[in-house]
Amino acid sequence: MCGIVGYVGPRPSQDILLSGLARLEYRGYDSAGIAVVSADGDLEMRKRAGKLQVLRDDLAAHAMPDGTTGIGHTRWATHGGPTDANAHPHLADDDRLAVIHNGIIENFSELKAELTAEGFTFRSETDTEVAAVLLGREFAASGDLVAAFRAVARRLEGAFTLLAMHRDQPGLVVGARRNSPLVIGLGEGENFLGSDVAAFVEHTRNALAIGQDEIVAITPAGVEVTDFDGNAVEVEPFEVVWDASAAEKGGWSSFMAKEVSEEPDAVANTVRGRVQGGAVVIPELDGLDDLFAGITRILIVACGTAAYAAQTGKYALEQWTRIPTDVELAHEFRYRDPVIGDDTLVVSISQSGETMDTLMAVKYARERGAKTLSICNTQGATIPRESDAIVYTHAGPEVAVASTKAFVAQITALYLVGLHIGRVRGVLAPEVAAAQVAELEAVPDKIRWVLEHEQQHIEQFSRWMADTQSVLFLGRHVGYPIALEGALKLKEISYIHAEGFAAGELKHGPIALVEPGQPVFVIVPSPRHSGELHKKVVSNIQEIRARGARVIVIAEEGDAAVLPFADEVLRIPLADPLFEPLLAVVPLHIFAMGLATAKGLDVDKPRNLAKSVTVE
Ligand code: F6R
């Protein structure tokens, strides 16, 4: 939520900042702004409400002097609407200091009252301007931006990544972070700061992760990281594993289209290097067997689509580890005094690794003595660093706000974790594990089959459905979280009312929604593998058909039993029941994307949303 970029070096910074912001725009697109210290030593700033293009057009129409020190921001509004005035950067100290911010400063009202009483005035409704004015006040006293940050950071409550630069200290950008992301990019004679590595990956793949409550100062010559008291701290270097082209749209019509096409690779790459002789051996968990000893319960915490991946993975985890496994929305978890301790393994799932709700749940679990394992797609992110163990999903950068390839990678990673724990604890027979591994390894080709054989058909079908007002999704067992995911994706990018239900729950209330013509997607389990369940779902289909529903089934190729009752059939290849979700979700992703496109909507940047939700 909010994208941040900073640059110091020999090059003019405006283009560097704007292209960094373009890569970070998925984090928010309510407004954008940049500030530079110009060659004449002036602080120049431009900011505009709306997407980054509005700012680009403005700069193209009215050029701004360039400079080699700069900061840039793309906003997801929290305090104050998406206006020019509320856009970042915010200026202070007689417009000689520029500040950008990601997060929420919870005690901003008290601080604002204090500053107002001292005679300071404000031009925006944001919490950020309070930090800017505080920094300006401290800079006026010390003439040193790092010292000003030390004085201010300790007074701020909540979550923040703040970057600032001052006209009187050109060649210096200072940042501080608490509970919000910030990474450093190391160049040759130039350095970068970014909310994530996408901000600078086209310039360098050498990065440093900054810890909690730390201040970083970058100059062209180097990087200095200290804690809020000024003590030097160790930083963790890492190499960005993907290159800039991985985060480019290429020839695709949208990032979402590209990312759906990458779902097979997301699964394959997440499995790669983690199977030895038919057994799952996750190198990152090497030497961490103790983490799984004495565990009597697994609790998975996540939000949104990641939580549906968690719900899908729960079935396999319980089956393979024989450990009771629950799923909880991260934002509900820590506010109810949950019963957890050192016999609980808390698994968090997060594509961004920055979701504040999930981060807070992980911290809370650790404080209560639980063991923590993070499944994450983003190197250098905060949640993995707050966890005892990390298993990365290798989906590559996900740019579209709606999560697709990360979802299948998250289920894959959970399955790998389940198979790993089952082996370590000796509860999973090697031949059973080997059969499941073979199923998992077959998934990428089966997803490719769906893309090759069904994508066009689904896109055409979604165009016919463009005027639909409401869609229901039904599933049972592992099909249930897939129904929820199908509904979420449709709401999120096409703004159509959609709801997912457990098919068995229908008769307990939701069936009242069904009237003639109501489209209902039904995820049908395989008749070969899940005979009983298949019959039950076919009965549920009869119940809704009897009430006039228009039934769209996602069914295994060759499932003749369901054909007479379906108005539309979207086919998937045969798979073991636990692996069906990885196939059944693909038509739903394509459908949501097709329908939103048919409505002329921007599938990559749905309204009101941002990809990385770094506020609670
Ligand atoms: C939906 C979507 C969101 C995220 C959720 C968690 O398409 O993308 O529901 O899944 O905000 O995000 P991460 O995985 O980054 O923690």
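**Exercise 1. A histidine in strand β4**

Find out whether His 73 is buried or exposed, and how His 73 is placed relative to Val 223.

*Solution.* Step 1: the relative accessibility of His 73 is 0%, so His 73 counts as buried. Keep in mind as you work that this is a predicted model.
Step 2: look for the element, and you will find His 73 in strand β4.
Step 3: now pick Val 223, which is 150 residues away from His 73 along the chain. The C-alpha atoms of these two residues are separated by 21 Å.

**Exercise 2. A second histidine and its partners**

Work out which element holds His 166, and what the side chain of His 166 contacts.

*Solution.* Step 1: residues 158-166 form strand β7, and His 166 belongs to this strand.
Step 2: check the surface. His 166 has 0% relative accessibility; buried means under 20%, so His 166 counts as buried.
Step 3: follow the side chain. There is a polar contact of 2.7 Å between the side chains of His 166 and Asp 93.
Step 4: look at the backbone too. The backbone nitrogen of Asp 168 lies 2.9 Å from the side chain of His 166.

**Exercise 3. Sorting residues by exposure**

Decide for Arg 123, Glu 224 and Leu 359 whether each is buried or exposed, then give a C-alpha distance for each.

*Solution.* Step 1: take Arg 123, in the loop between α3 (108-117) and α4 (128-142). Its relative accessibility is 54%, and exposed means over 50%, so Arg 123 counts as exposed. Ala 113 is 10 residues from Arg 123 along the chain, with 14 Å between their C-alpha atoms.
Step 2: move to Glu 224, in strand β13 (residues 222-227). With 57% relative accessibility, Glu 224 also counts as exposed. From Glu 224 to Val 174 there are 50 residues along the chain, and their C-alpha atoms are 9.5 Å apart.
Step 3: finish with Leu 359, part of helix α10 (residues 356-367). Leu 359 has a relative accessible area of 0%, so this leucine is buried. Its C-alpha atom is 9.6 Å from that of His 331, although the two residues are 28 apart in sequence.

**Exercise 4. Backbone details in loops**

Locate the cis peptide bond, and describe the phi angles of Asn 179 and Asp 213.

*Solution.* Step 1: go to His 88 and Pro 89, which are joined by a cis peptide bond with omega of about 5°. Pro 89 sits in the loop between β4 (69-75) and β5 (90-92).
Step 2: turn to Asn 179, in the loop between β8 (173-178) and β9 (183-186). Asn 179 is not a glycine, yet its phi is positive, at about 60°. Its relative accessible area is 9%, so Asn 179 is buried.
Step 3: compare Asp 213, in the loop between β11 (206-209) and β12 (214-219). Asp 213 is another non-glycine residue with a positive phi, near 55°. At 26% relative accessibility, Asp 213 counts as partly exposed.

**Exercise 5. The nonpolar core**

Which residues touch the most other members of the largest nonpolar core, and which helix gives the most to this core?

*Solution.* Step 1: the largest nonpolar core has 121 residues, and Leu 373 and Phe 521 touch the most other members.
Step 2: helix α16 (residues 580-598) is the element that gives the most to this core, namely 12 residues.
Step 3: check the domains. Domain 1 (3-243) and domain 2 (255-598) each supply at least three residues to this core.

**Exercise 6. Around the ligand**

Describe the residues around the ligand, the polar contacts of its oxygen atoms, and how much of its area the protein buries.

*Solution.* Step 1: there are 15 residues around the ligand, and those that come nearest are Ser 350, Gln 351, Ser 352, Thr 355 and Lys 489.
Step 2: sort the shell by class to get five nonpolar, eight polar and two charged residues.
Step 3: trace the contacts. A ligand oxygen atom lies 2.7 Å from a side-chain N or O atom of Ser 352. For Glu 492, a side-chain N or O atom is 2.7 Å from an oxygen atom of the ligand. With Ser 403, a polar backbone atom is 3.0 Å from a ligand oxygen atom.
Step 4: consider area. The ligand taken alone exposes 410 Å², and the protein buries 90% of that.
Step 5: name the elements. Those giving two or more residues to the shell are α8 (304-321) and α14 (479-494).

Conventions
Residues numbered from 1 in each chain as written. Predicted model: local features only at pLDDT ≥ 70, side-chain atom pairs only at ≥ 80, totals over all residues. Heavy atoms only, no water. Near = heavy atom within 4 Å. Polar contact = N/O pair within 3.5 Å; in protein donor to acceptor, adjacent residues only side chain to side chain. Areas by Shrake-Rupley, 256 points an atom, 1.4 Å probe, with all protein chains shown as cover. Helix = DSSP H or I, 4+ residues; strand = E, 2+ residues; numbered from the N terminus. Nonpolar A, V, L, I, M, F, W, Y, C, P; charged D, E, K, R; others polar. Core = buried A, V, L, I, M, F, W, Y, C linked by side-chain atoms within 4.5 Å. Buried < 20%, exposed > 50% of the residue type's maximum accessible area, 1.4 Å probe, protein only. Domains from an automatic or database assignment.
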